Amino acid sequence: RSWKGKRMRVLVTILCLMGALALNLRDQNLQVQDPLMGNLSQIASHRGYPVQEHFVHTKDGYILTVFRIPGKKGETVEQAVGKNRPAILYLHGVLDSSDGVLCNEEHITPGLFFPSQGYDMWFWNARGNTYSQSHEYLTPEDEKFWDFCFDDFAYFDIPAVVDYIREKTSQEKIHLLGHSQGTMTIWAAFITAQEKLKDKIISAAAWAPVGRVDHSTSLMIEVLTMLPILEPLAQSAHTKNFLPRGFESGVDGKICSILPWICKSVINLIADKSTDMNEPYLKYFAGHYPNGVSAKNAYQLLHIHNTKIFGPYNYGPALNERLYGDGKKPYYDFSKMMKVPIALFAGDKDTIADPTDVAWLRTQLQLAGNLKEFREYGNMGHLAFLLPTREGANYLWDTLAFYKRYESPSHQHSLLSLFRLA
């Protein structure tokens with residue numbers, strides 16, 4: 001208890017320092033003008049990659065912004081699209097967006113790595129985040145707009161985006177790539193939306209994979225579990241856009257530029273103990289984070305932590321009985337998961353996707369017959385998968401090799417540029 005109390009006091013002190021500096025920066029009207037503080041489209045264009053912006057409608061009316069980088073640096077959109085390359089759909093983590101995978105130095109930026117290797121990469125933005133706040137008949141001011149959690153990402157968002165990509169690319173099947181909550185969305189989709197996704201997925205790779213979070217030592221989770229406001233927000237109005245992007249995102253990026261030790265300290269307490277994170281670029285990630293999520297989604301994650309059950313949203317016995325056919329606490333049954341080759345790429349310093357919890361997930365996927373590859377990287381934490389160093393970027397090549405193993409011969413394009421980062 002004393003140890004946790006000390007950590008809490010350290011976090012509160014650092015956050016107070018950040019808040020004070022943020023107020024000072026706001027008063028000075030400082031603006032972040034760096035090109036890497038733009039959105040995915042602006043960053044990709046700045047670095048010479050072809051890029052498009054698409055809008056995908058879900059069955060329940062949400063309009064999702066999906067970015068696309070269809071090819072290599074120096075190609076025009078027309079040239080890249082015309083090559084009909086295999087497609088990858090990237091699913092970001094909680095409070096993140098498509099931007100989070102574009103914030104590193106160019107040659108080891110995860111969101112540019114796969115296009116540079118001849119892939120057509122698509123980037124989903126979850127309903128409610130910075131880029132996906134449109135709806136066919138609701139607005140973010142409506143209570144009903146925020147009545148969603150990651151169950152809805154899995155059942156509505158992912159099938160809609162997969163079908164859209166297949167239509168636009170003429171690809172029968174695509175790859176999935178998830179980070180953090182993006183991996184939870186994949187597991188849920190493969191269980192609850194398999195009729196919509198059947199014969200449409202080649203394989204799925206998971207970075208910093210999450211299922212249960214029983215052993216998470218992230219102080220962020222510890223703090224949130226003590227916030228009583230989340231439950232009434234989640235169970236009643238559903239109106240709260242929890243931690244939306246606003247002025248503070250730009251300020252956080254500026255703070256990380258001025259006092260990088262503050263950013264590193266907060267990351268260590270909240271998510272990461274990695275030594276393989278590219279710290280000079282942390283300011284860019286901070287400038288794009290957080291991006292908001294519904295209070296209902298946040299509460300679902302906390303419920304998974306508190307109950308030690310990886311499952312859909314718990315509405316209570318009566319409504320659970322009506323929705324799930326059982327009044328007990330619901331859980332996702334991995335034995336009912338659709339058969340898709342899955343690879344897990346984990347870090348031994350991850351305080352959110354703790355190695356013990358990853359071991360549980362690994363067992364579930366093995367028993368389901370889906371797990372085809374597992375790798376754990378030394379000195380890698382949660383955010384290191386988005387901000388790798390040159391020495392810590394081997395997981396990119398391992399993911400690429402996994403994808404190629406399950407592609408048809410027609411998709412076995414040239415590997416001449418494949419080499420390990422020195």
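## Two helices that cross

The axes used here are lines fitted to C-alpha atoms, for helices over the stretch in contact, and the angles run from 0 to 180 degrees between N-to-C directions. With that in hand, let's look at this predicted model, starting with a pair of helices. Helix H5 covers residues 150-169, and helix H6 covers residues 181-192. Their axes come within 8 Å and cross at roughly 65°, and the crossing is right-handed.

Which residues bring H5 and H6 together? On the H5 side they are Phe 150, Phe 153, Ala 154, Tyr 155 and Ile 158. These meet Gln 181, Met 184, Thr 185, Ala 188, Ala 189 and Thr 192 of H6. Sorted by class, this contact holds 8 nonpolar and 3 polar residues, with no charged ones.

## The nonpolar cores

If you are browsing the interior, a good place to begin is the largest nonpolar core, which has 58 residues. Leu 89, Trp 187 and Phe 190 have the most contacts inside this core. Helix H5 supplies the largest share of the core, with 9 residues.

Phe 190 is worth a click in your viewer. Setting aside neighbours within four places in sequence, Phe 190 touches Leu 176, Leu 197, Ile 201 and Ala 204, and also Lys 336, Met 337, Met 338, Val 340 and Ile 342. Apart from the largest core there is another one, of 43 residues, and its members include Phe 67, Val 101, Leu 102 and Leu 112.

## Strand S2, covered on both faces

Phe 67 also leads us to strand S2, which spans residues 62-69. How many of the residues in S2 are buried? The count is 8 of 8. On one side sit Tyr 62, Leu 64, Val 66 and Arg 68, and on the other Ile 63, Thr 65, Phe 67 and Ile 69, so both faces are covered, with buried meaning under 20% relative accessible area.

## The partners of S2

Strand S1 (residues 52-57) runs antiparallel to S2 and is joined to S2 by 6 bridges. Within this pair, Val 56 is found opposite Leu 64. The hairpin of S1 and S2 has 4 residues between the strands, and Gly 61 takes a positive phi near 95° there.

S2 pairs with other strands too. Strand S4 (residues 120-123) is antiparallel to S2 and linked to S2 by 3 bridges, with Phe 123 as the bridge partner of Phe 67. Strand S5 (residues 134-135) also runs antiparallel to S2, through 2 bridges, and here His 135 stands opposite Tyr 62.

Key. Residues are numbered from 1 along each chain as its sequence is written. This is a predicted model: local features need pLDDT of at least 70, side-chain atom pairs count only at pLDDT 80 or more; totals for chains, interfaces and linings use all residues. Side-chain values use heavy atoms; hydrogens and water are left out. A nonpolar core is a set of buried Ala, Val, Leu, Ile, Met, Phe, Trp, Tyr and Cys residues joined through side-chain atoms within 4.5 Å. Buried means under 20% relative accessible area, exposed over 50%, partly exposed in between (1.4 Å probe, protein chains only). Contact means heavy atoms within 4.5 Å. A crossing is left-handed if the near helix is turned anticlockwise from the far one by less than a right angle, and right-handed if clockwise. Ala, Val, Leu, Ile, Met, Phe, Trp, Tyr, Cys and Pro count as nonpolar, Asp, Glu, Lys and Arg as charged, and the others, Gly among them, as polar. Two strands pair if DSSP finds at least two bridges between them.
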